[in-house]
Amino acid sequence: MILLVDLAEKPGSLSRDEYVGPVARIIAAIGYEWREVHFSEITAAGITDADGIVLCGTALKDNAFAERVQDLVWLRDARVPVLGICAGMQALCLVFGGSIRPAVGIGMTEVRVVQPDPVLGEPHTFTAYELHTFACEPPAGWVTTAVSDRCVQAIRHPDRPVFGVMFHPEVRNDAVVERFCAICGPAYLQ
Amino acid sequence: MKLGVLCSGGKDSWYACSRAMEKEEVACLISIRSKNDASYMFHTPDVHLVPLQAEAAGIPLVTVETDGVEEAELADLSRAISIAAEEYGIEGVVTGALMSVYQASRVQRICRDLGLWCFNPLWYTDPEAYMERIIASGFSVIVTGVFSAPFGADWLGRNIDREALAELRRYAQSDRITLTGEGGEYETLVLDAPFFRQRIAIGEAETETEYANYRGVLKITRAELVAK
């Protein structure tokens, strides 16, 4: 089961269908089970049966998660693969000691994969949809796996299957979510 | 949160409106009348009926006209949203964008510049489930424009019911149209919605049909509100 974490400012918001729904649709289409939870309602017990965790994006004006990082410190101990999308990547940065800075990106952008990566594949260039108010300064030691002219577009934890992408893969880049799902579960972690 | 819903009169605008009403307060509708039939941003054959829909729903309407010149029309949209913010105190905008990055990113930029929220509750929704929900939840939707093979003239004015949806599914298989009309293959008009206080009635004599080579529009010259 893949756990989708809604990072919107409140549970059940109007943003849910825009940022959680499309990711759920991709996961369901490839036959994986999924469940969703708002970040304010997550508990350690609630994530024990997850094979992977996706931190979903938020609306441009919604940066409440960045002021409530204490609600996300459980990510440091997550023992399953994690994929942070946009706000999710920003949350990973903040939780693991990186930072964010104002940098607006709206629309299609060229993303260059600069390091081979399990969710992005071999180095290549592709177009992706971005929608962000902030960009990330990755935590120390993390690998920058993709960039655009504007900002870091993807990062990876140095030792664990924890990934962040600034672009929205649910728009025209389903394969990123599909590859992430493929590495979720005990087989990969062993 | 007070919201303004961008409304072209079609199913996507009104279904997005219904989702917004479930979660927040819809303070007004915002409608752009384009003089350019080829506009990528705003084109529906019967956008002049949005005021009647607004009356049926009991929601105030802000209307702005645009020449429909690419990019300049965005200034007109920005002006309309600014008027809505000033008159109705909206803090955000709702669109019925389904998959159009072109439309969605432009509205996102305008909202960002105006300091407003932007919501797209139908964004990358499952087309099949979405079409089913429209029918199941009691929307009355007719086709007012067709712009692609294999649509015949008989589609103009046709109600989107389960039979029509089944046919759209076949077209999606055989002719690779999008089920929702997202690719501009067809346009719709909402005559009734669960939250409408009255419904729109159109007499047969009050329509004009133009059709040739899989392209056509239903021009509604007169419509009225009637009791539900």
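Which residue of β7(A) does Val113(A) stand opposite? This tour of a predicted model begins with chain A and reaches that residue at the third stop.

**Stop 1: chain A as a whole**

Select chain A and display it as a cartoon. Its secondary structure consists of six helices and nine strands. Turn the chain about its principal axes: the C-alpha trace extends over about 40 × 35 × 30 Å. Chain A has a radius of gyration of 15 Å, which agrees with the value near 16 Å that a compact globule of 190 residues would have.

Next, consider the interior. Of the 190 residues in chain A, 48% are buried. Contacts may also be sorted by how far apart the two residues are in sequence. Of those in chain A between residues at least 6 apart, 71% join residues at least 24 apart.

**Stop 2: where chain A touches chain B**

Now show both chains in separate colours. The contact draws on 19 residues of chain A and 18 residues of chain B. On the chain A side, select α1 (16-19), α2 (21-29), β5 (99-113) and β6 (125-137), each of which supplies at least two residues. The largest share of this side, four residues, belongs to β5(A). Colour the side of chain A that touches chain B by residue class, and ten nonpolar, four polar and five charged residues appear.

**Stop 3: from β5(A) to β8(A)**

Keep β5(A) selected and add strand β7 of chain A, residues 143-147. These two strands run antiparallel and are joined by two bridges. Here the opening question is answered: Val113(A) stands opposite Ala146(A).

Add strand β8 of chain A, residues 152-156. Four bridges join β7(A) to β8(A), and this pair is also antiparallel. Select Val143(A) to find Arg156(A) of β8(A) opposite. Then follow the backbone from β7(A) to β8(A), where a hairpin of four residues makes the connection.

As background to this stop and the next, strands of a sheet pair through backbone hydrogen bonds, either parallel or antiparallel.

**Stop 4: the sheet of chain B**

Hide chain A and turn to chain B. Which strands form the open sheet, and in what order? There are five, arranged as β3-β2-β1-β4-β5, and their pairing is parallel. At the edges lie β3 (61-66) and β5 (117-119) of chain B, each pairing on one side only. Look along the sheet to see the twist, which averages 25 degrees from one strand to the next.

Select β4 of chain B, residues 92-94, together with β5(B): three bridges join these parallel strands. Val94(B) stands opposite Phe119(B) in β5(B). Then add helix α4 of chain B, residues 101-114, which packs on the sheet and touches β4 and β5 of chain B. The direction of helix α4 makes about 160 degrees with that of β5(B).

**Stop 5: the two domains of chain B**

Finally, colour residues 2-119 of chain B as domain 1 and residues 127-227 as domain 2, following the domain assignment. Their centres, taken over C-alpha atoms, are separated by 20 Å. How many residues of each domain are in contact with the other? Domain 1 of chain B contributes 19 and domain 2 of chain B contributes 25. On the domain 1 side, select α1 (11-23) and α2 (50-57) of chain B, the elements that give two or more residues. By class, this side of domain 1 of chain B holds ten nonpolar, six polar and three charged residues.

Technical notes. Residues numbered from 1 in each chain as written. Chains lettered and ligands numbered in written order. Predicted model: local features only at pLDDT ≥ 70, side-chain atom pairs only at ≥ 80, totals over all residues. Domains from an automatic or database assignment. Contact = placed C-beta atoms within 7 Å. Nonpolar A, V, L, I, M, F, W, Y, C, P; charged D, E, K, R; others polar. Rg over C-alpha atoms; globule rule 2.2 N^0.38 Å. Buried ≥ 20, exposed ≤ 12 C-beta atoms within 10 Å, placed from the backbone. Pairing = 2+ DSSP bridges. Axes fitted to C-alpha atoms, helices over the stretch in contact; angles between N-to-C directions.
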